[in-house]
Amino acid sequence: MEITKICCIGAGYVGGPTMAVIAQKCPHIQVTVVDLNEQRIKDWNDPNTDNIPIYEPGLAEIVAEARGRNLFFSTEVEKAIDEAQIIFISVNTPTKTYGKGKGMAADLKYIELCARQIAKVAKQNKIVVEKSTLPVRTAEAIKSILDNTGNGVQFQILSNPEFLAEGTAVTDLLNPDRILIGGDTTHEGETAINALVNVYANWVNRDKILTTNVWSSELSKLTANAFLAQRISSINAMSELCEKTGADVNEVAKAIGMDSRIGPKFLKASVGFGGSCFQKDILNLVYIAKTYGLNEVADYWEQVIIMNDHQKRRFSNKIVQTLYNTVADKKITFLGWAFKKDTNDTRESAAIYVADDLINEQAKISVYDPKVSRNKMLSDLDYLGTRTSDENINSLTIFEDAYDACKGSHAIAVLTEWDEFTTYDWQKIYESMHKPAFVFDGRNILDAKKLESIGFVYKGIGS
Ligand code: NAD
Ligand code: UGA
């Protein structure tokens with residue numbers, strides 16, 4: 001089957017970059033990304049590609065190249081579904097906030113809505129691709145909705161989870177470690193798998209395109225995120241032990257990472273992992289295990305989240321304790337608010353929770369982040385519901401300049417590992433602060449020795 005038209009439902013952090021790269025690499029395929037959110041689509045269509053709604057290094061250039069040629073952003077969901085041979089579902093699957101499974105299970109209402117809309121609109125056979133991260137066996141539910149329309153249209157459901165990380169989305173998409181495609185083992189299933197394999201084969205070596213059954217593919221995505229997050233919680237657990245024993249977690253990470261069976265990546269101790277997926281996907285895994293009565297499996301994975309929450313709280317407690325057990329009315333400057341560098345995404349960022357703890361202690365927080373807007377930071381705090389919006393506005397001051405943010409503060413907390421923080425004139429910052437001047441490096445990116453020689457009291461994670 002020659003694919004010439006693709007549609008993607010959901011123009012978010014996954015749908016937007018993924019489809020932009022497919023469009024760039026497959027100029028013969030028309031790619032239309034649709035979303036219900038009119039503002040988001042308007043922003044994707046902004047003539048100045050610097051204003052597209054998602055910041056990812058290299059993305060604006062790709063959008064500039066493909067948009068209007070074979071890449072389109074639109075709110076006309078039904079038209080795009082009708083025209084496409086392959087429909088990617090790339091909508092959000094957040095943790096449920098109500099009903100059964102509240103706080104753990106994935107909320108599949110947006111997925112179901114997409115399936116119903118596809119069922120309503122489709123007049124020809126289609127391949128429906130799960131791009132969103134979903135609980136294992138979701139394809140069954142999607143298939144049941146699609147197959148009960150009574151209009152004779154045949155659907156093949158594929159699972160094709162996305163493994164990109166934010167901040168490196170474009171390079172991850174251009175050079176993926178692997179592409180995973182799960183499908184039915186029937187003849188029709190294999191034809192659908194091949195159609196999608198051929199799309200990716202336009203730029204990905206076929207050796208890296210792995211095909212499996214649907215359930216393996218769905219579960220592999222949750223497993224990959226669980227393993228990655230587990231490494232961070234493991235090294236973070238060790239960071240606390242390092243602080244008690246005089247060991248240095250960076251040295252420990254290096255020593256164990258040189259064992260080729262362990263490997264050096266994802267061993268950076270931090271204030272805790274953030275992002276929209278690790279926590280949500282592990283909670284979902286825990287919920288699935290519990291549903292099958294696998295309580296030991298559930299408890300095992302839940303510990304990864306418990307450790308991460310502990311790490312965030314431990315960081316704020318350390319700030320309070322070090323500042324003589326009171327931060328009331330003290331100015332504490334946050335460098336960074338995004339959940340990692342090179343993204344404007346703040347979902348589940350550790351900064352939000354650390355700020356919340358410190359504001360509860362009546363600290364005054366100043367923030368500088370090169371990519372996150374004032375409104376975003378305030379709405380992140382409002383979303384927690386700890387206090388009113390006015391109270392949050394009074395407790396959080398946002399600066400456009402890092403030096404201004406640091407002026408007159410008692411302590412600096414590094415919450416995101418933005419490269420620019422390592423290039424600052426730290427002598428100048430020191431001179432503008434209250435003494436003793438503290439730095440709490442939640443990312444271990446600054447040069448401890450240099451800061452101490454200037455006069456700072458430096459506290460990293462795990463040393
Ligand atoms: P997102 O919230 O940024 O984007 C989802 C978009 O879907 C939103 O713009 C929303 O308006 C739209 N949408 C929801 N329902 C719709 C409907 N019925 N019709 C049209 N549009 C609709 O989410 P995201 O970060 O792109 O994540 C999407 C999925 O991909 C999730 O399942 C997530 O777990 C997974 N994932 C995310 C990442 C990541 O780095 N963010 C990486 C891999 C996988
Ligand atoms: C993660 C996975 O890396 C992707 O493969 C996956 O596709 C994605 O989740 C998803 O499903 O959404 P992402 O959350 O964008 O990607 O970014 P990561 O680089 O994994 O970082 C997540 C968090 O862990 C960040 O807060 C980061 O600072 C933290 N981290 C990462 C550490 O604290 N230490 C490390 O060694 C690595």
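Start at Arg347: one of its polar side-chain atoms sits 2.9 Å from an oxygen atom of ligand 1. Keep in mind as you look around that this is a predicted model.

**Around ligand 1**

Arg347 has company here. Arg40 also brings a polar side-chain atom up to an oxygen atom of ligand 1, at 2.7 Å. Thr93 does something similar, with an N or O atom of its side chain 2.6 Å from a ligand 1 oxygen. How much of ligand 1 does the protein cover? On its own, ligand 1 has 830 Å² of accessible area, and the protein covers 93% of that.

If you want to click through the surroundings, there are 25 residues around ligand 1. The ones that come nearest are Asp35, Arg40, Thr93, Glu166 and Lys280. So Arg40 and Thr93 turn up both in that nearest group and in the contacts with ligand oxygens, Arg40 at 2.7 Å and Thr93 at 2.6 Å. Sorted by class, the shell around ligand 1 has nine nonpolar residues, nine polar ones and seven charged ones.

**Around ligand 2**

Now move over to ligand 2, which is surrounded by 20 residues. Phe163, Leu164, Ser270, Cys277 and Arg443 are the closest of them. Which helix gives the largest share of this shell? That would be α9, residues 214–245, with four residues. By class, the shell around ligand 2 holds 11 nonpolar, three polar and six charged residues.

Ser270, one of the closest residues, has an N or O atom in its side chain 2.6 Å from an oxygen atom of ligand 2. Asn225 also uses its side chain, placing a polar atom 2.8 Å from a ligand 2 oxygen. Glu166 works from its backbone instead: a polar backbone atom is 2.8 Å from an oxygen atom of ligand 2. The protein covers 89% of the 700 Å² of accessible area that ligand 2 has on its own. Glu166 is worth a second look, as it is also listed among the residues that come nearest to ligand 1.

Here are the contacts with ligand oxygens side by side.

| Residue | Part of the residue | Ligand | Distance |
|---|---|---|---|
| Arg40 | side chain | ligand 1 | 2.7 Å |
| Thr93 | side chain | ligand 1 | 2.6 Å |
| Arg347 | side chain | ligand 1 | 2.9 Å |
| Glu166 | backbone | ligand 2 | 2.8 Å |
| Asn225 | side chain | ligand 2 | 2.8 Å |
| Ser270 | side chain | ligand 2 | 2.6 Å |

**Two helix pairs**

How do α11 and α12 cross? Helix α11 (residues 278–291) and helix α12 (residues 295–322) have axes that come within 8 Å and cross at roughly 155°. That angle is over 145°, so α11 is roughly antiparallel to α12. Their crossing is left-handed.

The other pair is α13 (residues 350–360) and α14 (residues 374–384), whose axes come within 10 Å and cross at roughly 70°. These two helices are therefore roughly perpendicular to each other, and their crossing is right-handed.

**Two spots in loops**

Follow the chain on from α12 and you reach Asn325, in the loop between α12 and β9 (331–335). Asn325 isn't a glycine, yet its phi is positive, at about 65°.

The other spot is Pro436, in the loop between α17 (426–431) and β13 (438–441). What kind of peptide bond joins Lys435 and Pro436? It's a cis one, with omega at about -5°.

Key
Residues numbered from 1 in each chain as written. Chains lettered and ligands numbered in written order. Predicted model: local features only at pLDDT ≥ 70, side-chain atom pairs only at ≥ 80, totals over all residues. Heavy atoms only, no water. Near = heavy atom within 4 Å. Polar contact = N/O pair within 3.5 Å; in protein donor to acceptor, adjacent residues only side chain to side chain. Areas by Shrake-Rupley, 256 points an atom, 1.4 Å probe, with all protein chains shown as cover. Nonpolar A, V, L, I, M, F, W, Y, C, P; charged D, E, K, R; others polar. Axes fitted to C-alpha atoms, helices over the stretch in contact; angles between N-to-C directions. Parallel < 35°, antiparallel > 145°, perpendicular 65-115°, else oblique. Left-handed = near helix turned anticlockwise from the far one by under 90°.
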